[in-house]
Amino acid sequence: MVSVDFKIVGDDRGAYYEESERALIFLSKHESLEDIYKTITHELIHHCINKFNITLDEDQEESLIFQMSWAEFSLN
Ligand SMILES: [Zn+2]
């Protein structure tokens with residue numbers, strides 16, 4: 001089961017650790033609550049990809065999540 005923890009300061013917006021199934025959200029890198037929700041979604045998609053044993057390198061995984069995030073606009 002995935003867990004999400006919040007930290008005040010970090011170098012990135014968030015991180016997902018597949019070994020521990022844990023996402024960290026770094027609050028100081030966000031501008032609003034909506035922004036934080038987007039990062040949580042981003043990190044949970046990493047978790048879903050991990051759970052389905054899909055083989056992607058880091059660049060492919062980030063590109064897939066980016067495309068998913070913009071799908072509503074790019075498919076219209
Ligand atoms: Zn990512």
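This passage describes the fold of a single chain, from its overall layout down to a few individual residues.

The structure is a predicted model, and a good place to begin is with the confidence of the prediction. The pLDDT averages 95 over the chain, and 100% of the residues score at least 70. Confidence is highest in strand β3, at 98, and lowest in helix α2 (residues 58–74), where the mean is 93.

The chain contains two helices and three strands. Read from the N terminus, these elements follow one another as β-β-β-α-α. The C-alpha trace spans about 35 × 30 × 20 Å along its principal axes. Of the 76 residues, 9% count as buried. Among the contacts with a separation of 6 or more, 21% join residues that are 24 or more positions apart.

The strands come next. All three belong to an open sheet, in which they lie in the order β1-β3-β2 with mixed pairing. The edge strands are β1 (3–7) and β2, each of which pairs on one side only. From one strand to the next, the twist averages 20 degrees.

How does the mixed pairing arise, and which strands run in which sense? On one side, β1 and β3 pair in the parallel sense, over five bridges. Within this pairing, Val4 has Ala23 as its bridge partner, and Asp5 has Leu24. On the other side, β2 and β3 pair in the antiparallel sense, over four bridges. Here Tyr16 is the bridge partner of Ala23, while Ala15 is bridged to Leu24. Ala23 is therefore a useful residue to find in the 3D view, as is Leu24. 

Side chains along a strand can be followed from one face to the other. In β2 they alternate: Gly14 and Tyr16 point to one face and are buried, whereas Ala15 and Tyr17 point to the other face and are not buried. In β3, the covered face holds Ala23 and Ile25. The uncovered face of β3 carries Arg22, Leu24 and Phe26.

The link between β2 and β3 deserves a closer look. These two strands form a hairpin with four residues between them. Glu21 sits in the loop that joins β2 (14–17) to β3 (22–26), and in this turn Glu21 has a positive phi of about 50 degrees. Is Glu21 buried, exposed or partly exposed? Glu21 counts as partly exposed because 13 C-beta neighbours lie inside 10 Å. Apart from neighbours within four places in sequence, the residues in contact with Glu21 are Met1, Val2, Ser3 and His47. Phe52 is 31 residues away from Glu21 in sequence, and the two C-alpha atoms are 13 Å apart in space.

The helical part of the chain can be introduced through α1 (residues 33–51). This helix has 19 residues and reaches 27 Å from its first C-alpha to its last, close to the 27 Å expected at 1.5 Å a residue. Which residues of α1 are buried? They are Thr39, Glu43 and His46. Seen down the axis of α1, the buried residues fall within an arc of 40 degrees, so they line one face of the helix. A general rule helps to picture this: an α-helix has 3.6 residues a turn, so residues three or four places apart point the same way.

The cover over the buried residues of α1 includes strands β2 and β3 together with helix α2. On the face turned away from the buried side, α1 carries the exposed residues Leu33, Glu34, Tyr37, Cys48 and Lys51. Just after α1 comes Asn53, which takes a positive phi of about 50 degrees.

Methods:
Residues numbered from 1 in each chain as written. Predicted model: local features only at pLDDT ≥ 70, side-chain atom pairs only at ≥ 80, totals over all residues. Buried ≥ 20, exposed ≤ 12 C-beta atoms within 10 Å, placed from the backbone. Contact = placed C-beta atoms within 7 Å. pLDDT = per-residue confidence, 0-100. Expected span 1.5 Å × (residues − 1). Arc of directions from axis to C-beta. Pairing = 2+ DSSP bridges. Axes fitted to C-alpha atoms, helices over the stretch in contact; angles between N-to-C directions.
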